[in-house]
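Subject: Structure handover

Hi,

Here is the structure for you to look at. My notes follow below it.

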Amino acid sequence: MSSNDPWLHTPPRESAIFDKHTIAEIHRAAATGIYDIRGFGAKRKLPHFDDLLFVGASISRYPLEGYREKCGTDVTLGTRYAKKPITLKIPVTIAGMSFGSLSAPAKEALGRGASAVGTSTTTGDGGMTPEEREHSSLLVYQVLPSRYGMEPDQLRKADAIEVVVGQGAKPGGGGMLLGQKISDRVAAMRTLPKGIDQRSACRHPDWTGPDDLAIKIEELREITEWEKPVYVKVGAARPYYDTALAVKAGADVVVLDGMQGGTAATQEVFIEHCGIPTLAAIRPAVKALEELGMHRKVQLIVSGGIRSGADVAKALALGADAVSIGTAALIALGDNHPHWQEEYRKLRTTAGCYDDWHEGRDPAGITTQDPELTRRLDPLLAGKRLANFLSVLTLECQTIARANGKSHVHNLEPEDLVALTVEASAMAGVPLAGTDWIPGQGSSR
Amino acid sequence: MAHQPLAAGPAGEPIRNTTLDLAHMSVREVNRLLHAASQGDFLIKNPRGLHAIVAGLDGELNVSIDGHVGYYCAGMNKRASININGNAGTGVAENIMSGLVHVKGDVSQSAGATGCGGLLIIDGNASARCGISMRGLDIVVKGSVGHMSAFMAQAGNLVVLGDAGDALGDSIYEARLYLRGKVKSLGSDCVMKDMREEHKASLRNLLDAAGIGGAVDVSEFRRYGSARSLYNFHISNLGSY
Amino acid sequence: MCGIVGLFLKNVALEPELGRLTADMVRELRDRGPDSAGFAVYGDETSGTTKICTIVRTGRVAWPQIAERLANATNANVSVEEIENHAVIKTEGDGDMARSWLIDNVPEAIVLSQGLSIEIFKGVGDPGIVVERLNLIGRKGSHAIAHTRMATESAITIAGSHPFSTGEDTCLVHNGSLSNHNRLRDLLRRHGERFQTENDSEVAAAYLTWRMREGDSLKAALQQSLQALDGFYTFVVGTREGFAVLRDPIACKPAVLAETDDWVAFGTEFRALATLPGVVNARIWEPEPATVYVWSRE
């Protein structure tokens with residue numbers, strides 16, 4: 001066959017196994033001899049909330065009027081043991097992200113935005129900054145394996161305490177902060193030398209296992225006079241057992257972070273190949289709570305890839321009490337905005353794909369400590385953007401809830417949902433649309 | 001449970017020199033009282049291995065505990081002086097900010113974990129992970145310490161008159177270790193360092209603070225600390241991570 | 001995740017108190033093991049008599065008739081005593097044969113233990129109530145091991161409760177979490193071990209049984225398990241003569257030992273030991289990681 005024959009055309013065929021990202025990664029590994037580290041959450045396609053749909057109103061089920069007929073969105077956390085449970089106006093909170101991984105203006109913006117709509121923010125690996133406490137009307141304080149920044153006065157200043165066992169991006173991994181982000185201030189807060197690459201513990205220093213966690217929680221309550229709700233956060237691994245054990249260890253709230261959950265920095269293989277999808281984690285966790293008679297008594301907060309009011313509504317319908325956003329909150333602040341496209345190009349990426357948050361060169365001034373860059377983020381404007389986004393999440397969730405006949409978003413239930421794929425049906429425990437079939441469960445129960 | 005009748009002071013605080021009996025009071029009641037006090041001397045009896053006894057104190061208090069305590073005794077202590085006349089369980093003085101904790105007996109693992117300041121004196125032996133992730137605390141152990149002691153220790157001083165177990169100072173940052181006895185093995189990036197005059201002086205101060213300065217010769221000690229080769233990720237160090 | 005207690009009496013005058021002392025210890029560890037409890041008591045030996053403890057899964061079993069059938073099948077004297085949902089079968093015949101016969105012929109029951117000295121009892125629910133129901137308080141003997149359970153990756157069932165019997169007069173309790181037990185279970189099945197649960201601790205018990213069947217001493221088998229088992233564990237193993245303790249090399253899970261002239265005791269927390277007479281003057285220490293400790297009579 002002549003290669004000049006105009007009939008012949010051979011568009012290049014990309015391999016689905018050795019696709020261009022895989023080939024690039026092998027080249028990178030060969031050049032550097034070290035694993036790839038990045039931020040953001042799992043990027044690969046996974047069964048997620050998009051594979052579920054709400055059924056909506058029909059002849060048998062009547063909707064509520066928008067605006068005039070109330071659809072409640074409040075949620076109270078910590079009713080099990082805390083003397084001072086906290087009430088959020090909306091069922092969306094801001095997930096734990098450290099000062100260190102984020103800039104000071106970013107933390108301030110998160111606080112302003114969350115407070116404007118009556119919800120909470122969470123500290124991260126590194127402790128509580130005074131600005132954070134000042135700008136967040138409700139602040140959850142993390143107790144992490146590293147204990148960077150941990151001290152009793154901060155514990156007492158918090159509105160709730162979150163003992164972190166793990167996070168979705170890296171269940172079993174510790175924190176990671178590279179030298180370029182360990183500024184003077186960060187170094188001082190963490191008692192580390194400036195500019196070094198922080199190594200972090202993956203287990204807590206003074207307890208291992210739920211039986212000893214119970215004793216640790218008791219200590220934290222003693223130090224804070226049993227006032228504050230204690231959350232236990234786990235990455236989605238064995239959610240049925242982990243939830244039951246968190247309850248037995250004495251948690252007021254369980255926070256469950258699916259593999260789509262973001263991180264400031266960790267190994268790429270951890271993000272993409274460890275932990276289970278958020279969608280697969282919720283029903284087992286709720287089942288554990290129900291079997292212990294603790295559903296709604298120990299509250300469940302779900303995170304990992306929450307992007308819209310539809311995601312919020314679906315998580316609540318599957319049994320969560322609230323959701324948490326991390327990546328979406330940063331995007332709302334301005335992360336990955338096309339406004340900075342020229343700069344993204346210089347970083348050899350493009351707006352929407354930027355995930356090298358560990359490098360501390362974020363053009364948006366969010367995941368960086370560089371004063372030149374952080375100057376670009378106006379905490380008041382960014383806070384307003386976050387408040388807007390949180391409001392939209394709430395309104396969207398209410399719209400869906402009303403359309404399904406609910407006067408409170410907590411009355412959303414699994415029976416309001418159907419699945420579009422076999423995987424989503426099996427994971428969420430809801431039937432395939434138009435059928436009464438759930439894989440593994442046969443016909444409708 | 002019958003309460004100890006306690007007279008209250010003008011500010012509603014318990015009168016000094018109070019005895020609190022955990023056989024008749026709960027840990028919660030004892031802690032609540034002591035959290036409300038800004039000064040005073042207290043004797044706590046019958047701890048019987050209970051947990052979180054005197055955790056979270058903040059004040060110029062002097063507390064003595066007669067007996068063995070459970071986990072997290074004196075956790076997150078600020079300013080108070082606490083004497084434990086017995087053994088202590090896991091995490092004694094964990095995250096201590098300041099003040100003094102003195103254990104007359106032995107301690108379980110993770111003694112002084114993540115401690116930021118103050119002084120922890122252990123008359124007996126410490127078990128595994130003594131001083132893990134310490135961040136400025138000084139610890140003086142008159143006996144020996146177990147494996148993984150000073151793991152990821154960031155700042156502060158650990159003085160051990162006896163021996164150290166496996167993996168001493170694994171992944172250590174800037175904390176200083178002074179050891180008189182034998183070390184079973186050193187952890188990743190932990191190396192022996194010179195004992196110069198300033199280190200001997202510092203060690204002397206630590207031993208004085210622990211009340212044994214006169215009885216111990218600083219030149220019998222060796223100093224250990226970070227080789228600092230793991231401070232920046234490097235592929236050639238992968239075996240050490 | 002759990003609580004373990006062990007008590008070995010050096011002073012025979014305390015033998016009538018064994019059960020009461022052990023029960024006091026168990027109660028202190030109910031918080032860390034709220035789901036179920038089990039205990040093994042060693043004592044009450046009659047020469048030539050093997051005791052087999054069983055528990056009924058559901059329903060009722062006509063034990064007197066079973067005892068008669070067993071006696072006929074094995075040509076030996078057999079008696080049976082019931083307590084709650086347990087039955088203690090005593091045979092003057094071959095113990096192994098009786099055990100196999102019971103497993104094969106009484107599927108409604110689980111065999112908990114077999115031996116000249118050992119008796120194992122288990123119950124689901126609050127450990128304080130379980131030990132009362134099963135009269136731990138009234139039992140006499142030379143040594144005992146007990147366990148309070150917080151189920152981690154398997155269901156809360158009688159079968160899943162510790163102690164696990166590992167052979168004649170031997171049992172195991174575990175605090176921690178193994179990580180390679182699933183493949184090890186398959187290997188042990190191929191070597192003839194039988195499993196009743198998905199429990200990691202049961203795998204550890206079966207591993208020891210297998211090694212000892214192959215001729216290893218208990219000490220050697222425990223030594224080998226440091227290689228064979230991966231994860232976090234504190235094991236206490238009961239034998240006819242006494243007990244053994246082993247912690248994994250990382251040793252995150254707690255363990256406290258105490259000794260006086262009258263007794264040696266093990267507890268996951270000191271709190272459990274605080275109830276013992278004379279503990280105020282006891283020598284108290286923690287077992288070293290990756291080291292086998294054994295206490296036995298004579």
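First, a term. A polar contact here is a pair of N or O atoms within 3.5 Å, where within protein one must be able to donate a hydrogen and the other to accept it. Note also that this is a predicted model.

**Chain B and chain A**

With that rule, 19 residue pairs are in polar contact across the interface of chain B and chain A, both residues at pLDDT 80 or more. On the chain B side, helix 1 (residues 27–36) gives the most to the side that touches chain A, with 5 residues. There are also 5 salt bridges across this interface. One of them pairs E94(B) with R147(A). Their closest N and O atoms are 3.7 Å apart. That pair counts because the cut-off is 4 Å between a side-chain nitrogen of Lys or Arg and a carboxyl oxygen of Asp or Glu.

How much area do chain B and chain A bury between them? About 3400 Å², with 56% of it on carbon and sulfur atoms. In chain B, Y72(B), M76(B) and F233(B) lose the most area to chain A. Together they make up 20% of what that side buries. Chain B puts 40 residues into the contact, and chain A puts in 39 residues.

**Chain C and chain B**

Here the buried area is about 1100 Å². Carbon and sulfur atoms give 46% of that. F270(C), R271(C) and E286(C) lose the most area on the chain C side, together 40% of what that side buries. The contact takes 15 residues from chain C and 13 residues from chain B. The rule finds 0 salt bridges across this interface. Polar contacts do occur: 7 residue pairs, both at pLDDT 80 or more.

**Two spots in chain A**

Is K248(A) buried or exposed? It counts as buried, because its relative accessibility is 19% and the cut-off for buried is under 20%. K248(A) sits in helix 7 (residues 239–248) of chain A. Beyond its neighbours within four places in sequence, K248(A) is in contact with L292(A) in its own chain. From chain C, K248(A) contacts D35(C), M150(C), A151(C) and I156(C).

I17(A) is the opposite case: it counts as exposed, because its relative accessibility is 62%. I17(A) lies in the segment before helix 1 (20–32) of chain A. Together with F18(A), I23(A) and I26(A), I17(A) makes a nonpolar surface patch of about 400 Å².

Best wishes

Technical notes:
Residues are numbered from 1 along each chain as its sequence is written. Chains are lettered from A and ligands numbered from 1 in the order in which they are written. This is a predicted model: local features need pLDDT of at least 70, side-chain atom pairs count only at pLDDT 80 or more; totals for chains, interfaces and linings use all residues. Side-chain values use heavy atoms; hydrogens and water are left out. Patches are made of residues with over 30% relative accessible area and no salt bridge: like charges are joined within 9 Å, nonpolar side chains (Val, Leu, Ile, Met, Phe, Trp, Tyr) within 5 Å. Accessible areas come from the Shrake-Rupley method with a 1.4 Å probe; for residues, only the protein chains shown count as cover. Helices (H or I, at least four residues) and strands (E, at least two) are DSSP runs, numbered from the N terminus. Buried means under 20% relative accessible area, exposed over 50%, partly exposed in between (1.4 Å probe, protein chains only). Contact means heavy atoms within 4.5 Å. Buried area is the accessible area (1.4 Å probe) that two parts lose on being put together, summed over both. A polar contact is a pair of N or O atoms within 3.5 Å; within protein, one must be able to donate a hydrogen and the other to accept it, and residues adjacent in sequence count only if both atoms are side-chain atoms.
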